[in-house]
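Me: I'm in my first year and still learning to read pictures like this one. Could you pick one part and take me through it slowly, in plain words?

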Amino acid sequence: MGTTKRQPWVVGVSGASGTPYAASVIRALLAAGEAVDLIVSRAARLTILDETGISFRDAHWRADLAAWLGTEDGLDDVRYWPAGDFAAGPSSGSYPAKGMLVVPATTGAVAGIALGLSKDLLQRVASVTLKERRPLVVCVRETPLNGVTLKHLVELDAQGAVVLPASPGFYAGGSTVRELVDFVAGRVLDAVDVPHSLYLRWEGELGAAARKPAAGEASPAEGE
C-alpha cells in the first residue's frame, strides 16, 4: 500500500503590520485539511511580538504558534522552517509544495520577490514558486504605495503571481475587526481554491449582509 505524499501550502509571514491576516489564513488552511509549511521572517517576529505580545522562537515554535493562533488544532500538519535556513525543503523546486501565500507582504518582500533577490528563505521560496509555475499569492499590506512598489507589483503580476492587497470589503457585513481580517484571509484562500467559510459571499441580493444574524443571535429560522 502506498502512502499519500504530503503536499503543503507554504505560508510566508513578512514583517508588515497585519499578522492577524496570517493567523486567519493558517487556521483556515488547517481547518480545510491542508498541510502548512511556515516561514516567519526575522522582522515578522518583531511584528508578532508588537501586535500580539507573543515571542515567536525557533526552538519553541509549536507552543508559540499555538498561542498565536489561539488553538492547537491541526498543528500536527504544520512544519516550520527558520527564515535563515536556505537548505530547507521548500527552497528546492523538487520539494512537493502546492504553492505559496505571502501574508502579509512588506514592500521589501515584494521588491525582493519581484527582482529574485532571495535575501532570506521567504524570498527564495517565493522565487522557486514562480519558476515552478506554482500559485503564488502576495498579500501586500502598505499604504500609500509609491511608484517603485507599484512597478514591482506589476512585475509580480507579469510573472504569474496574484497580487492581493489587504483591502477588506464591507459588502459581506463585517462589523468587527476579526470579520474584516477574515474577509481578506478568505480572499487569499479563494485565489488558490481552498474552501472556507470565513465570510458571507455576494449572491446578488442587496442588503443581504445587513440582515445576517449578529454574533450570538439566532437566525429567524432558528427562532421559530
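What follows is a close look at one strand and the pieces around it. How many of the residues of strand 5 are buried, and what covers the buried residues of helix 5?

Reply: Sure, but a bit of housekeeping comes before the tour. This is a predicted model, so local features need pLDDT of at least 70 and side-chain atom pairs count only at pLDDT 80 or more, while totals for chains, interfaces and linings use all residues. Residues are numbered from 1 along each chain as its sequence is written, and side-chain values use heavy atoms, with hydrogens and water left out.

Let's begin with the sheet. It is an open one, made of 6 strands in the order 3-2-1-4-5-6, and the pairing is parallel. Strand 3 (78-80) and strand 6 (162-163) are the edge strands, each pairing on one side only. Helices and strands here are DSSP runs numbered from the N terminus, a helix being H or I with at least four residues and a strand being E with at least two. Two strands pair if DSSP finds at least two bridges between them. As general background, strands of a sheet pair through backbone hydrogen bonds, either parallel or antiparallel.

Now zoom in on your strand. Strand 5 covers residues 136-140, and 4 bridges join it to strand 4 (residues 99-105), the two running parallel. You can spot this pairing at Leu 101, which stands opposite Val 137 in strand 5, and at Ala 105, whose bridge partner in strand 5 is Val 140. Strand 5 is also joined to strand 6 by 2 bridges, again running parallel. There, Val 137 has Val 162 in strand 6 as its bridge partner.

As for your first question, 5 of the 5 residues of strand 5 are buried, so the rest of the structure largely encloses this strand. "Buried" means under 20% relative accessible area, "exposed" means over 50%, and "partly exposed" is in between (1.4 Å probe, protein chains only). Both faces of strand 5 are covered: Leu 136, Val 138 and Val 140 are buried on one side, and Val 137 and Cys 139 on the other.

Cys 139 and Val 140 also turn up in the surroundings of Ala 166. This residue is in the loop between strand 6 and helix 7 (177-190), and Ala 166 is buried too, with a relative accessible area of 16%. If you leave aside neighbours within four places in sequence, Ala 166 is in contact (heavy atoms within 4.5 Å) with Tyr 21, Cys 139, Val 140, Arg 141 and Val 184.

Next up is helix 5 (residues 121-131). Helix 5 lies across strand 1 (9-13), strand 2 (36-40), strand 4 and strand 5, and runs at about 135° to strand 4. To get such angles, axes are lines fitted to C-alpha atoms, for helices over the stretch in contact, and angles run from 0 to 180 degrees between N-to-C directions. Of the 11 residues of helix 5, 9 are buried, so this helix is largely enclosed by the rest of the structure. Among them are Leu 121, Val 125, Val 128 and Thr 129. And your second question: the cover over the buried residues of helix 5 includes strand 1, strand 2, strand 4, helix 4, strand 5 and helix 6 (147-158).

Helix 4 deserves a closer look. Helix 4 (residues 107-115) packs against helix 5 at an angle of about 45°, with the axes 9 Å apart. The two are therefore oblique to each other: under 35 degrees counts as roughly parallel, over 145 as roughly antiparallel, 65 to 115 as roughly perpendicular, and the rest as oblique. Their crossing is right-handed, which is the word used if the near helix is turned clockwise from the far one by less than a right angle; if anticlockwise, the crossing is left-handed. On the helix 4 side you'll find Gly 108, Ala 109, Gly 112 and Ile 113, meeting Leu 122, Gln 123, Ala 126, Ser 127 and Leu 130 of helix 5. By class, the residues of this contact are 5 nonpolar, 4 polar and no charged. Here Ala, Val, Leu, Ile, Met, Phe, Trp, Tyr, Cys and Pro count as nonpolar, Asp, Glu, Lys and Arg as charged, and the others, Gly among them, as polar.
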